[in-house]
Amino acid sequence: MNIFNSKDKLNLFLHSKSSFDILSGVNIILSPEFYWVRVFELPMTSPKEVHSALPSLFEEFIDIEGKDFYVKKLADQKYICFAYDEHKIIDGIKSANLSLSQVNSIHFAQIELESIVSSTALTCMKIDNICLGFSDGILVQVPIQLQVNTTNNIDISSIKLSKHFIQVRESSKYITAKNSYLLSTIMILFTVMIFAKILINNQIISSIPNEIESLKQEHSMPSSTIATNSIMKKLKKTSQEQIKLREVYKYIFDFKSKYGGDMISCNYKNKTFLIKFKNIKAKKLVDYLEKRHVLSSAVVKEEIVTIGLSI
Amino acid sequence: MKKLDPLYIMLLSAVVLVVSIVLFNKSISGVEKSQSELININNIALSYSQMKKDWGNSQHTIKVVDKMIASVGIKILDKKITKKKIKIKIDKISLKKIDKFVNKILNEKLNILKLNISNNSIDIEVGI
């Protein structure tokens with residue numbers, strides 16, 4: 001077990017047989033057994049471009065199913081590229097008695113130990129009983145049988161970790177990370193669409209008062225609802241009165257054409273009728289009019305029937 | 001780990017989606033309320049303008065009355081137009097013309113305030 005201080009976090013070298021008893025935050029340096037590394041010379045200008053091409057580049061050497069990739073630029077058009085299995089790293093962290101929440105960052109030994117491990121596989125550097133050496137610029141775990149010279153332990157405490165690190169996350173057993181991102185994207189798209197629709201709806205709502213105002217102007221309506229209702233009420237009352245008036249006239253004229261007789265006069269004013277008939281049976285006229293209307297008066301004088309009606 | 005768990009992102013997206021759906025429903029009910037208000041005002045406006053045209057348009061009333069008198073071909077004894085009404089007196093008129101005139105008057109949407117009919121005269125007041 002190797003524990004070294006790096007600022008406030010401990011630097012740990014993680015290999016498949018590691019075991020720690022630490023509760024504080026840690027930085028992890030991955031043993032070469034956790035990743036595949038290869039140097040590529042590519043006509044690409046940025047690591048981002050290289051990263052997108054990595055699956056097809058690694059396809060020739062490893063099964064890329066479930067692998068993630070990392071790129072570090074070495075020189076112009078020269079990149080050192082890593083492929084790693086997130087689950088394998090997580091398993092390694094867990095089997096080392098660590099939790100993911102403790103892990104601050106995960107570094108590749110290839111990058112972090114480059115400056116301090118001897119550049120030949122013949123010289124082996126021991127870390128937690130693991131021998132490491134460089135072969136053609138690539139850090140490898142040297143089998144015990146090949147260890148020619150074993151130097152003292154590397155002082156990792158003096159290592160200042162580089163900015164090149166990866167992060168891993170434990171995916172749900174119910175949904176994969178890819179599907180989570182896909183679902184999140186779909187939901188966000190829906191949200192954006194809904195918010196766009198909300199904006200349109202708000203515009204519609206804010207335009208309604210203007211439409212109402214122009215409608216009022218178009219029909220020369222008063223601006224206040226109270227004034228409009230008052231005028232409407234008055235006009236409705238007039239309309240109802242006039243309809244009633246015409247009904248009474250129709251009724252009187254119908255009677256005349258049905259039973260004959262002479263109408264001397266028919267006066268209407270202030271919602272009151274005064275009708276005078278001659279040569280007509282008063283009872284018949286009264287009976288007829290009483291069916292529909294309230295008679296205010298009925299007088300027979302010298303064969304002239306005078307009927308008063310109110311509407 | 002510093003990297004945000006995709007599950008958290010998904011949950012956050014779901015919460016935002018639910019909130020947006022709630023807001024959307026609110027905005028939909030707001031639109032429905034505003035539109036029903038607009039339809040209501042439109043109906044009131046149509047009814048108002050129709051009623052105004054029928055019972056509260058003085059120029060229209062004067063025109064209709066003049067047209068009726070001209071169409072029946074009667075001589076007016078007296079015609080006065082005040083702020084609130086038109087007063088017309090017609091004398092020495094035949095029963096046939098009285099019938100025709102009264103029929104026309106009653107068939108038009110005129111606010112009849114007074115209508116005295118006798119054998120040979122008509123006395124009428126129409127509100128304007």
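Which residue is the bridge partner of K79(B) in β2(B)? In this predicted model, the partner is I88(B), and the first view below starts from that pair.

**View 1. The β1(B)–β2(B) hairpin, with K79(B) and I88(B) picked out.** Strand β1 of chain B covers residues 78–81, and four bridges join it to β2(B) in an antiparallel arrangement. Getting from β1(B) to β2(B) takes a hairpin of three residues. Zoom in on the bridge between the two strands and you'll find K79(B) sitting opposite I88(B).

**View 2. The two faces of β2(B).** Strand β2 of chain B spans residues 85–90, and its side chains alternate. I86(B), I88(B) and I90(B) point to one face and are buried, whereas the lysines K85(B), K87(B) and K89(B) point to the other face and aren't. I88(B) is also the bridge partner of K79(B). K89(B), for its part, has D123(B) as its bridge partner in β4(B). That pair belongs to the antiparallel pairing of β2(B) with strand β4 of chain B (residues 122–127), which counts six bridges.

**View 3. One sheet, two chains.** Pull back a little and the strands of the first two views turn out to be part of an open sheet of eight strands, with antiparallel pairing. Its order is β14(A)-β15(A)-β13(A)-β12(A)-β3(B)-β4(B)-β2(B)-β1(B). The edges are β14 of chain A (295–301) and β1 of chain B, each of which pairs on one side only. On average, neighbouring strands here are turned by 10° against each other, if you ignore direction.

**View 4. Where the sheet crosses from chain A to chain B.** Which strands pair across the two chains, and over how many bridges? Strand β12 of chain A (residues 262–269) and β3(B) do, in the antiparallel sense, over five bridges. One spot to look at is C266(A), whose bridge partner in β3(B) is I117(B). Helix α5 of chain A (residues 225–259) lies across this part of the sheet: β12, β13 (272–278) and β15 (304–310) of chain A, together with β3 of chain B. The helix runs at about 20° to β3(B).

**View 5. The side of chain B that touches chain A.** Here 42 residues of chain B are in contact with 44 residues of chain A. On the chain B side, the elements giving two or more residues are α1 (6–55) and β3 (111–118). α1(B) gives the most, with 28 residues. Sorted by class, this side of chain B has 24 nonpolar, twelve polar and six charged residues.

**View 6. A close look at S20(B).** S20(B) is found in helix α1 of chain B. Is this serine buried or exposed? S20(B) counts as buried because it has 20 C-beta neighbours inside 10 Å. If you leave aside neighbours within four places in sequence, S20(B) is in contact with T191(A), I194(A) and F195(A).

**View 7. A three-stranded sheet in chain A, with two helices across it.** This open sheet has the order β4-β6-β5 in chain A, with antiparallel pairing. β4 (35–41) and β5 (67–75) of chain A each have a single partner strand, so one side of each is left without a neighbour in the sheet. Neighbouring strands are turned by 20° against each other on average, again ignoring direction. β4(A) and strand β6 of chain A (residues 78–85) pair over seven bridges, and W36(A) has A83(A) as its bridge partner in β6(A). Helix α1 of chain A (residues 47–58) lies across β4, β5 and β6 of chain A, running at about 125° to β5(A). Helix α2 of chain A (residues 86–95) lies across β5 and β6 of chain A, at about 65° to β6(A).

**View 8. Chain B as a whole, for orientation.** Chain B has three helices and four strands, and along the sequence they follow the pattern α-α-β-β-α-β-β. Of its 128 residues, 22% count as buried. Among contacts in chain B with a separation of 6 or more, 57% come from residues 24 or more positions apart. As for confidence, the mean pLDDT of chain B is 87, and 96% of its residues reach 70 or more. The model scores ipTM 0.77 and pTM 0.57.

Conventions: Residues numbered from 1 in each chain as written. Chains lettered and ligands numbered in written order. Predicted model: local features only at pLDDT ≥ 70, side-chain atom pairs only at ≥ 80, totals over all residues. Buried ≥ 20, exposed ≤ 12 C-beta atoms within 10 Å, placed from the backbone. Contact = placed C-beta atoms within 7 Å. Nonpolar A, V, L, I, M, F, W, Y, C, P; charged D, E, K, R; others polar. Pairing = 2+ DSSP bridges. pLDDT = per-residue confidence, 0-100. Axes fitted to C-alpha atoms, helices over the stretch in contact; angles between N-to-C directions.
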